[in-house]
Number of protein chains: 2
Amino acid sequence: MTLIKAWAAHGPKEKLVPYEFDPGRLNAGEIEVKVEYCGLCHSDLSVLNNDWGNSEYPLVPGHEVIGRIVALGSEAKGLQVGQLVGVGWFSGSCRHCKQCVSGEDHLCSEAASTIIGHAGGFADRVRTQWNWAIPIPEGLDPRDTGPLMCAGTTVFSPFLIHDIKPGDRIGVVGIGGLGHLGIKFAKAWGCEVTAFTSRMSKYDEAKKLGADHVVSSTDSSAIGTLAGIFDMLLVTVNVALDWAELINALAPKGTLHIVGAVDEPIPVAAFQLIESQRTIAGSPTGSPATIARMLDFAARYKISPQVEHFPMSRVNEAFAYLESGKARYRIVLDADFS
Amino acid sequence: MTLIKAWAAHGPKEKLVPYEFDPGRLNAGEIEVKVEYCGLCHSDLSVLNNDWGNSEYPLVPGHEVIGRIVALGSEAKGLQVGQLVGVGWFSGSCRHCKQCVSGEDHLCSEAASTIIGHAGGFADRVRTQWNWAIPIPEGLDPRDTGPLMCAGTTVFSPFLIHDIKPGDRIGVVGIGGLGHLGIKFAKAWGCEVTAFTSRMSKYDEAKKLGADHVVSSTDSSAIGTLAGIFDMLLVTVNVALDWAELINALAPKGTLHIVGAVDEPIPVAAFQLIESQRTIAGSPTGSPATIARMLDFAARYKISPQVEHFPMSRVNEAFAYLESGKARYRIVLDADFS
């Protein structure tokens with residue numbers, strides 16, 4: 001058995017250091033992927049820091065993997081050695097619960113994160129349950145596709161969940177790693193897109209990404225002029241906002257959909273939901289079927305994340321850059337193990 | 001023109017007194033209904049007290065009307081003099097906005113309440129835009145049908161909104177005017193029904209109404225044992241509850257649907273929505289089509305509210321009884337104008 005070479009942290013908030021481990025025999029339901037590129041996502045930082053209290057060390061982060069299959073377990077289906085695949089936030093699910101048999105494996109109560117109790121993609125090879133390895137369609141550049149696996153799926157999934165249609169009015173709140181992809185998907189979906197950002201400096205960028213309108217996310221009176229407009233507001237930030245004004249900006253039957261890990265509880269006034277039949281919702285990443293559909297859609301409409309690359313050997317530098325908030329908009333590490 | 005005889009309050013929180021007024025010419029789009037019965041709803045009390053700040057006096061409450069058509073405007077369609085109809089919370093809508101032309105008149109921004117700036121059903125006659133007069137199907141007892149027009153529609157509509165299916169697990173929170181009907185509808189819909197109540201004394205009643213299980217709505221640890229169970233929790237109360245535990249009791253893709261006028265903002269933790277793709281929603285009454293469908297469903301499954309009757313001339317006594325919280329479960333006033 002060849003050891004896997006990886007970058008691992010040995011405790012919360014520690015630097016990543018070279019780490020080799022024996023992955024053991026490949027299980028029948030697993031496949032092994034040789035990592036070519038792996039996105040660095042904000043949740044890698046959260047897990048590195050044990051922000052959610054469930055991290056396990058040594059920790060190998062990385063859950064936006066693009067690479068080629070090098071080994072197939074005997075029960076892996078529909079995949080071939082040499083095939084280009086992506087692996088995202090989850091790399092395991094029970095396959096027999098109500099959610100799994102309904103095709104909603106991402107809602108399985110035993111769904112296993114790629115980076116919690118499992119070695120992630122900051123490594124030369126990564127393993128995954130076969131059904132969580134999603135073939136990458138023609139037309140996507142492998143170098144930039146990693147962030148679609150987590151960030152892309154996260155902002156794409158709400159369009160399916162809420163049955164969003166072309167012509168609907170969509171607001172994307174926050175223009176960062178998630179939000180910039182949200183704007184691109186909303187535009188390609190045929191929607192009228194309003195970007196909400198706290199930074200004036202991002203107004204032009206938002207328009208270039210495809211936004212029809214740009215509004216300050218911290219200007220309650222500006223948001224107040226948009227009462228009853230939006231079919232969906234996709235919230236990608238993790239800070240408190242003027243929730244009452246944002247909810248008021250929803251059209252009848254509109255949805256405030258949250259994918260950002262907002263810490264403080266959101267105070268929801270019942271009457272705001274009742275009077276216009278509105279909804280507050282949230283979702284995690286997506287099912288394997290949703291990821292595949294998102295990749296097909298991205299390939300068809302030439303949607304790719306805006307990416308900055310680091311060699312994987314400079315992973316600590318990349319983490320520091322992520323923390324600085326300067327990344328525009330996603331970071332991808334290029335595997336460079338010798 | 002014959003004056004309309006009514007019971008009206010001349011200011012917030014005042015007693016109702018006999019009141020006669022000239023309703024003027026019947027508009028082309030209106031009909032006039034001779035009131036036989038009219039439910040007394042908690043929102044009549046809220047409007048009487050000007051709790052929502054938009055009441056107009058003299059105020060004639062009453063928005064759960066059952067009666068027979070006595071006059072038809074020239075544009076009224078599909079109705080006949082002598083026909084038994086019901087009138088609920090709304091009695092007007094613009095008929096040309098996106099919501100109205102989509103059949104969602106109850107979400108029209110100009111939808112007009114039957115008791116705000118309009119004389120309601122505590123009267124010998126009441127007027128309504130023709131489309132808000134809903135024919136009462138055979139098989140419903142007119143004496144007890146009034147509360148279906150508002151309370152019934154309010155708890156029925158969420159089953160359509162969320163596409164609830166037989167076999168789904170539904171919790172009804174609060175067993176009162178709304179909740180007791182929610183239990184009956186959920187049972188007839190084919191769902192597994194859990195009633196949540198703060199009063200031990202209502203356990204047996206809840207089972208008689210059709211609940212399969214009864215749980216204390218104030219016992220967080222009891223609710224905690226139900227994690228991940230419910231496809232919908234229908235909240236009919238207007239008090240603060242352990243929202244975090246209730247949301248945690250939702251199944252993946254489950255909805256906490258609020259129809260009670262909860263005063264305090266509900267603190268919603270984003271991660272609780274995100275991790276299991278849950279939703280918080282609300283709705284007001286329903287469209288004319290929903291009211292008609294609800295009445296058909298109620299007739300088919302013999303669903304009627306549990307009602308206590310007062311002669312309309314004892315309306316002030318009925319309001320006091322409503323405020324006492326002793327009503328089981330709805331009050332209906334029988335018109336007794338001389």
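**Loops, helices and a shared sheet**

Pro58(A) sits in the loop that links α1 (42-48) to β4 (65-72) in chain A. The model is a predicted one, and this loop is a handy place to start. The peptide bond between Tyr57(A) and Pro58(A) is cis, with omega at about 0°. There is a second cis bond to look at in chain A, running from Arg328(A) to Tyr329(A), and here omega is near -10°. Tyr329(A) is again a loop residue, placed between α10 (315-324) and β18 (330-334) of chain A. Over in chain B, Lys13(B) has a phi near 65°, a positive value for a residue that is not glycine. Lys13(B) belongs to the loop between β1 (4-8) and β2 (17-21) of chain B. As background, most peptide bonds are trans, and most residues other than glycine have a negative phi.

Next come the two chains as a pair. A turn of 180°, with a shift of 0.0 Å along the axis, lays chain A on chain B with an RMSD of 0.0 Å. The two copies are therefore related as by a two-fold rotation axis. Both copies also use the same surface, since 100% of the contact residues of chain A recur in chain B.

The two chains also share a sheet. It is an open sheet of 12 strands with mixed pairing, and its order is β12(A)-β11(A)-β10(A)-β13(A)-β14(A)-β16(A)-β16(B)-β14(B)-β13(B)-β10(B)-β11(B)-β12(B). At the edges stand β12 (213-216) of chain A and β12 (213-216) of chain B; each has a single partner strand, so one side of each has no neighbour in the sheet. On average, and ignoring direction, neighbouring strands of the sheet are turned by 20° against each other.

One pairing in the chain B half can be followed in detail. Strands β10 (residues 169-173) and β11 (residues 192-197) of chain B run parallel and are joined by five bridges. Here Ile170(B) stands opposite Val193(B) of β11(B). Helix α3 (residues 142-161) of chain B lies across β10, β13 (230-235) and β14 (250-258) of chain B, and its direction makes an angle of about 155° with β13(B).

In chain A, helix α3 (residues 142-161) can be described through two helix partners. With helix α4 (residues 179-188) of chain A, the axes come within 9 Å and cross at roughly 50°. That angle makes α3(A) oblique to α4(A), and the crossing is right-handed. From α3(A), Pro147(A), Leu148(A), Ala151(A), Gly152(A), Val155(A), Phe156(A) and Phe159(A) take part, meeting Leu181(A), Gly182(A), Phe185(A) and Ala186(A) of α4(A). By class, the residues of this α3(A)-α4(A) contact are nine nonpolar, two polar and no charged.

The other partner is helix α9 (residues 288-300) of chain A, which packs with α3(A) at an angle of about 100°, the axes being 9 Å apart. This makes α3(A) roughly perpendicular to α9(A). Residues of α3(A) in this contact include Thr145(A), Leu148(A), Met149(A), Gly152(A) and Phe156(A), while those of α9(A) include Thr290(A), Ile291(A), Arg293(A), Met294(A) and Phe297(A). The contact of α3(A) with α9(A) counts nine nonpolar, five polar and one charged residues. Leu148(A), Gly152(A) and Phe156(A) appear in the contact with α4(A) and also in the contact with α9(A).

Note on methods
Residues numbered from 1 in each chain as written. Chains lettered and ligands numbered in written order. Predicted model: local features only at pLDDT ≥ 70, side-chain atom pairs only at ≥ 80, totals over all residues. Heavy atoms only, no water. Least-squares fit on C-alpha atoms with pLDDT ≥ 70 in both. Contact = heavy atoms within 4.5 Å. Pairing = 2+ DSSP bridges. Helix = DSSP H or I, 4+ residues; strand = E, 2+ residues; numbered from the N terminus. Axes fitted to C-alpha atoms, helices over the stretch in contact; angles between N-to-C directions. Parallel < 35°, antiparallel > 145°, perpendicular 65-115°, else oblique. Left-handed = near helix turned anticlockwise from the far one by under 90°. Nonpolar A, V, L, I, M, F, W, Y, C, P; charged D, E, K, R; others polar.
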